[in-house]
Amino acid sequence: MQDSASTVAPPTRGFRLAAATGLHKGDRPYQQDQVLVMNHPRAAGCVLGVIADGMGGRSGGRKASDQVLMTARQLFARYKPGRDEAVHVLRQLLEDANTVIKLTALSSEQEPHSTLAAFLMNPEGDCAWIHAGDSRIYHFRRGQLVKRTKDHSYVQALVDRGEISEAEANIHPQSNILLGCLGMKSMPPPVEIHLVPKLEPDDLLLACSDGLWHYFTQEEMGRVLAEQSPRSAAELLVAEARKRARGTGDNISLAILKLEALPDPHEAEED
């Protein structure tokens with residue numbers, strides 16, 4: 001069942017923010033993904049987006065992704081733009097969620113793990129993101145890819161070493177093996193942070209689990225996101241991923257944040 005919701009934040013320095021989320025259990029018997037997009041309770045134009053793809057049995061995976069979202073809500077509620085650093089909050093989200101997930105292992109069916117893909121945009125338009133695992137964040141500008149995260153996975157390591165291509169990685173039989181995520185006992189999660197000094201009108205951020213990105217090229221996603229509203233794009237991408245999965249699809253989660261240019265008041269007066 002798809003759950004897609006759209007929100008629009010107040011105008012912020014020449015643009016407004018439109019957002020949407022999508023969540024579908026795919027062809028799995030239960031949902032382990034979790035997704036969140038929320039406006040800051042006290043700072044207009046400050047937005048947090050989070051994707052968590054849980055792993056570890058019916059209870060383990062869902063507990064892990066639930067812990068990521070609970071931690072994100074708590075930290076974001078205390079966050080004060082202009083006083084606190086977005087990078088610090090995201091790093092704390094990763095570290096705190098990782099600690100709590102490891103504690104829940106005692107009561108779970110299997111060892112719980114979760115990916116993390118989170119972005120935090122400030123009212124002035126600067127943005128930071130963090131990720132661990134193979135959930136991704138894409139930054140598009142007018143439909144063209146500016147940057148995306150690099151997966152912490154076995155097949156990505158093969159790609160980095162030049163042993164397989166990106167296309168081969170997508171169909172590799174071991175594409176589900178992660179080298180880093182939240183909840184691992186043997187090693188801490190990877191900490192990779194990216195800063196965007198200034199998002200611009202027509203910029204768009206997409207965070208999604210592998211249940212979505214696995215079925216699309218970045219060009220396909222960029223085109224849909226550029227041509228459609230966030231809500232319509234979320235619905236179209238989920239529906240097409242379901243079709244391409246042919247009955248074998250994973251859980252799907254995505255969060256979209258789009259900066260829409262406001263009309264020039266002077267042009268409106270001339271009309």
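User: How many bridges join β4 and β6, and in which sense do the strands pair?
Analyst: The model is predicted. In it, Ile51 of β4 (47-55) has Ala117 in β6 as its bridge partner. The two strands, β4 and β6, pair in the antiparallel sense, and the number of bridges is five.

User: Which residue of β7 stands opposite Ala117?
Analyst: β6 and β7 also pair in the antiparallel sense, here over six bridges. One bridge links Phe119 to Trp129 in β7. For Ala117, the residue opposite in β7 is His131.

User: In the hairpin of β6 and β7, which residue takes a positive phi?
Analyst: Five residues lie between the strands of this hairpin. The phi in question is near 100 degrees. The residue that takes it is Gly125.

User: Which residue in β10 is the bridge partner of Ala128?
Analyst: β7 pairs with β10 (residues 192-196) in the antiparallel sense. Five bridges connect β7 and β10. The partner of Ala128 is Leu195.

User: Why is β7 described as largely enclosed by the rest of the structure?
Analyst: Look at both faces of β7. Cys127, Trp129 and His131 cover one side, Ala128, Ile130 and Ala132 the other, and all are buried. Side chains in a regular strand alternate between the two faces of the sheet. β7 is largely enclosed because its buried residues number six of the six.

User: Which residues lie on the face of β6 opposite Leu116, Ala118 and Leu120?
Analyst: β6 is largely enclosed by the rest of the structure, because six of its six residues are buried. Leu116, Ala118 and Leu120 form one covered face. On the other side, also buried, are Ala117, Phe119 and Met121.

User: Which helix gives the most residues to the largest nonpolar core?
Analyst: This core has 27 residues; Leu48, Val50, Val68, Leu116, Leu120 and Leu182 touch the most other members. β4, α1, α2, β6 and β7 each supply at least two residues. With seven residues, the top contributor is α2.

User: How many residues make up the second, separate core?
Analyst: Nonpolar side chains tend to be buried together in soluble globular proteins. The second core includes Val35, Trp129, Val196 and Ala255. Its residue count is 22.

User: Leaving aside neighbours within four places in sequence, which residues are in contact with Leu116?
Analyst: Leu116 is among the core members that touch the most others. Beyond its sequence neighbours, the contacts of Leu116 are Val50, Ile51, Val68, Leu93, Leu94, Ile130, His131, Ala132 and Leu182.

User: At roughly what angle do the axes of α1 and α2 cross?
Analyst: α1 (57-78) and α2 (86-104) meet through residues including Val68 and Leu75 in α1 and Leu93 and Val100 in α2. The contact residues divide into nine nonpolar, four polar and two charged. The crossing is right-handed. The axes come within 9 Å, and the angle is roughly 145 degrees.

User: Is Arg142 buried or exposed?
Analyst: Arg142 sits in the loop between β8 (136-141) and β9 (144-148). Its phi is positive, near 50 degrees, though Arg142 is not glycine. Most residues other than glycine have a negative phi. Relative accessibility is 53%, so Arg142 counts as exposed.

User: What is the phi of Asp202, a residue that is not a glycine?
Analyst: Asp202 lies in the loop between β10 and β11 (203-208). At 36% relative accessibility, Asp202 counts as partly exposed. Its phi is positive, at about 80 degrees.

Conventions
Residues are numbered from 1 along each chain as its sequence is written. This is a predicted model: local features need pLDDT of at least 70, side-chain atom pairs count only at pLDDT 80 or more; totals for chains, interfaces and linings use all residues. Side-chain values use heavy atoms; hydrogens and water are left out. A nonpolar core is a set of buried Ala, Val, Leu, Ile, Met, Phe, Trp, Tyr and Cys residues joined through side-chain atoms within 4.5 Å. Buried means under 20% relative accessible area, exposed over 50%, partly exposed in between (1.4 Å probe, protein chains only). Helices (H or I, at least four residues) and strands (E, at least two) are DSSP runs, numbered from the N terminus. Contact means heavy atoms within 4.5 Å. Two strands pair if DSSP finds at least two bridges between them. Axes are lines fitted to C-alpha atoms, for helices over the stretch in contact, and angles run from 0 to 180 degrees between N-to-C directions. A crossing is left-handed if the near helix is turned anticlockwise from the far one by less than a right angle, and right-handed if clockwise. Ala, Val, Leu, Ile, Met, Phe, Trp, Tyr, Cys and Pro count as nonpolar, Asp, Glu, Lys and Arg as charged, and the others, Gly among them, as polar.
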